[in-house]
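Hi everyone, thanks for making time for this. I'd like to walk you through one model, so let's bring it up on the screen.

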Amino acid sequence: MSDTVIAWLRTVVPGAWAALITGLVSIGAPAYLSNALGNATNLVVLPIVLGVVYPLLRKIEASLPDWLTRILLGSAQPPSYHGKHETP
């Protein structure tokens, strides 16, 4: 798999997990919280959840089996950004 695909997966998959968690939280959120935020609930909560989920997954990644890392981060292999130079 190319580094571009790996990088894309490792960005999109945690975002999808954050969106799922946000959806579940919004379903069970107390009325006073969801009413206060109105239609902006998902717009406010999703970046917060993503800001927690992604660093947490990266921190525990080394202790996870490869199959679980693939599920949570999209790939068990981090992309390599070294040695990639475009020539004009």
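One definition before we start: the expected span of a helix is 1.5 Å times one less than its number of residues. Keep in mind, too, that this is a predicted model. The mean pLDDT of the protein is 84, and 93% of the residues score at least 70. Among the elements, helix H4 (residues 66-73) has the highest mean, 94, and helix H2 (residues 31-37) the lowest, 75.

Now to helix H3, residues 41-60. With 20 residues it should span 28 Å, and its end C-alpha atoms are indeed 28 Å apart, which agrees.

Which residues of H3 are buried? They are Thr41, Val45, Val49, Val53 and Leu57. These cover an arc of only 75° around the axis, so they sit on the same side of H3. The face turned away from that buried side carries exposed Leu43, Ile48 and Lys59.

Leu43 and Ile48 turn up again on the surface, where they form a nonpolar patch with Val44 and Val52, about 390 Å² of accessible area together. Val52 counts as exposed because its relative accessible area is 53%, and the cut-off is over 50%.

Last, the charges. The whole structure has two salt bridges. In one, Glu61 meets Arg10 at 3.0 Å, N to O. Glu61 is in the loop between H3 and H4 and Arg10 in helix H1 (residues 3-28), so the pair ties together parts 51 residues apart in sequence. Both of these residues are buried.

In the other, Arg58 meets Glu61 at 3.2 Å, N to O. Shared partners thus join Arg10, Arg58 and Glu61 into one network. Arg58 is partly exposed, at 41% relative accessibility, while buried Glu61 has 14%.

Terms used
Residues numbered from 1 in each chain as written. Predicted model: local features only at pLDDT ≥ 70, side-chain atom pairs only at ≥ 80, totals over all residues. Heavy atoms only, no water. pLDDT = per-residue confidence, 0-100. Helix = DSSP H or I, 4+ residues; strand = E, 2+ residues; numbered from the N terminus. Patch = residues over 30% accessible without salt bridge, like charges linked within 9 Å, V, L, I, M, F, W, Y side chains within 5 Å. Areas by Shrake-Rupley, 256 points an atom, 1.4 Å probe, with all protein chains shown as cover. Salt bridge = Lys/Arg side-chain N within 4 Å of Asp/Glu carboxyl O. Buried < 20%, exposed > 50% of the residue type's maximum accessible area, 1.4 Å probe, protein only. Arc of directions from axis to C-beta.
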